[in-house]
Amino acid sequence: MATQDENQEVTMEAEVKPEDAEALCESAEKVDSDSVSQTEEGNSTTQDSSIINGDNADSEQEMVDLKIIWNKIKYDLKIPLDSSGAKLKEAIHSLTGLPPAMQKVMYKGLLPEDKTLREIKITNGAKVMVVGSTMNDVLAVNTPKEVIQQEVKAEENKKEPLCSQKQHRKVLDKGKPDDIMPAVKGTKERLPTVPLAGMYNKSGGKVRLTFKLEQDQLWIGTKERTEKVPMGSIKNVVTESIEGHDGYHMMAFQLGPTEASQYWIYWVPSQFVDAIKDTVLGKWQYF
């Protein structure tokens with residue numbers, strides 16, 4: 001049988017063991033906590049390092065502060081000095097919504113896309129002017145204009161033919177001039193090397209046209225005088241075939257902003273009509 005002292009010792013051991021277990025658990029938790037803390041610190045150090053590296057990368061580039069002015073609005077822009085003109089356009093696009101292809105950027109002249117801001121010597125606080133319209137602006141402007149043009153064209157179609165109007169009938173009723181150049185219907189010819197002659201002007205007098213290409217002038221000659229008109233000053237050319245005489249046209253050179261400034265000529269041979277328009281207005285015009 002166990003003695004009383006032995007039983008007391010066993011009891012004491014039993015009482016000590018739970019405390020030892022609790023201490024061991026606390027020690028293990030502390031170790032795990034320290035490990036997690038070290039891991040978090042390691043992650044935090046890596047993230048901070050990444051941010052610092054990023055800041056260092058930005059700080060390595062010399063920046064320049066610009067004032068972008070577009071559509072009467074000023075924008076502040078900070079951009080690396082070694083950015084190209086093309087990169088500047090992209091930055092302007094992000095600020096204004098204006099596509100790079102529709103931008104005209106000016107700083108001491110038109111800004112080149114292939115050169116850097118440093119090369120063109122842009123400095124801090126420089127004002128950069130931008131000209132251009134967004135696609136919405138273009139559509140907003142063009143759509144009404146197209147509608148107006150259609151309305152004007154429809155209105156013109158309602159009018160009586162030019163050759164039926166009283167102001168022109170008094171000349172056309174005189175009949176075709178005897179010395180008029182022959183017409184060739186359905187063909188297009190270059191301007192002749194000699195003046196176009198034998199035609200009438202609005203007063204019924206004889207008129208001739210001489211195209212001085214080397215001087216970029218149209219000479220309108222009558223019996224009384226010759227007017228030397230710069231072709232660049234002619235705003236438009238209006239033509240219409242003469243009813244009953246399909247080989248001939250009546251033609252007006254618009255020398256000013258209104259119809260009152262039109263100089264009318266009658267009995268123009270039809271084969272030269274397109275050549276006259278191309279010569280006077282230039283082939284880029286659409287009439």
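The legends below walk through several close-up views of this predicted model.

Residues are numbered from 1 along each chain as its sequence is written. Because this is a prediction, local features need pLDDT of at least 70 and side-chain atom pairs count only at pLDDT 80 or more, while totals for chains, interfaces and linings use all residues, and side-chain values use heavy atoms, with hydrogens and water left out.

**View 1. A four-stranded open sheet with mixed pairing.** Welcome to the sheet whose strands follow the order β2-β1-β4-β3. Strands here are DSSP runs of E with at least two residues, helices are runs of H or I with at least four, and both are numbered from the N terminus. Two strands count as paired if DSSP finds at least two bridges between them. Each of β2 (73-80) and β3 stands at an edge with a single partner strand, so one side of each is left without a neighbour in the sheet. From one strand to the next, the twist averages 30°; angles run from 0 to 180 degrees between N-to-C directions, and axes are lines fitted to C-alpha atoms, for helices over the stretch in contact. Look for the antiparallel pairing of β3 with β4, which spans three bridges. Lys-104 has Val-131 of β4 as its bridge partner.

**View 2. Helix α2 across the four-stranded sheet.** Here α2 lies across β1 (63-70), β2, β3 and β4, where contact means heavy atoms within 4.5 Å. The helix runs at about 135° to β2.

**View 3. Two salt bridges that involve helix α2.** A salt bridge is a side-chain nitrogen of Lys or Arg within 4 Å of a carboxyl oxygen of Asp or Glu. The structure holds nine of these salt bridges. One of them joins the side chains of Lys-87 and Glu-90, at 3.9 Å from N to O. Both residues belong to helix α2 (residues 85-96) and sit three residues apart, about one turn of the helix. For accessibility, buried means under 20% relative accessible area, exposed means over 50%, and partly exposed is in between (1.4 Å probe, protein chains only). Lys-87 counts as partly exposed because its relative accessibility is 47%, and Glu-90 is partly exposed at 43%. Now shift to Lys-89, whose side chain meets that of Glu-113 in a salt bridge of 2.8 Å, N to O. Lys-89 lies in α2 and Glu-113 in the loop between β3 (104-106) and β4 (126-131), so this pair ties together parts that are 24 residues apart in sequence. Lys-89 is buried, with 9% relative accessibility, whereas Glu-113 is partly exposed at 42%.

**View 4. A salt bridge between Arg-225 and Glu-227.** The two side chains meet at 3.5 Å, N to O. Arg-225 is exposed, with a relative accessible area of 53%, while Glu-227 is partly exposed at 27%. Elsewhere, Glu-62, Asp-82 and Arg-118 are joined into one network by salt bridges that share partners.

**View 5. A seven-stranded open sheet with antiparallel pairing.** Follow the strands in the order β8-β7-β6-β5-β11-β10-β9. At the edges are β8 (226-230) and β9 (236-242), each pairing on one side only. The twist averages 30° from one strand to the next. Helix α5 (residues 273-281) packs on this sheet, touching β5, β6 (206-212), β9, β10 and β11, and its direction makes about 175° with that of β9.

**View 6. Strand β11 and its bridges to β5 and β10.** Strand β11 (residues 262-269) is largely enclosed by the rest of the structure, because eight of its eight residues are buried. Strand β5 (residues 196-201) runs antiparallel to β11 and is joined to it by two bridges. Tyr-200 stands opposite Tyr-266 in β11. With strand β10 (residues 245-254), β11 shares seven bridges, again antiparallel. Two pairs to look for are Phe-253 opposite Tyr-263 of β11, and Met-251 with its bridge partner Ile-265, also in β11. A handy reminder for reading this view: in a regular strand the side chains alternate between the two faces of the sheet.

**View 7. The hairpin formed by β7 and β8.** Strand β7 (residues 217-221) pairs with β8 in the antiparallel sense over five bridges. Four residues lie between the two strands of the hairpin. Ile-220 has Glu-227 of β8 as its bridge partner, and the side chain of Glu-227 also meets that of Arg-225 in a salt bridge.
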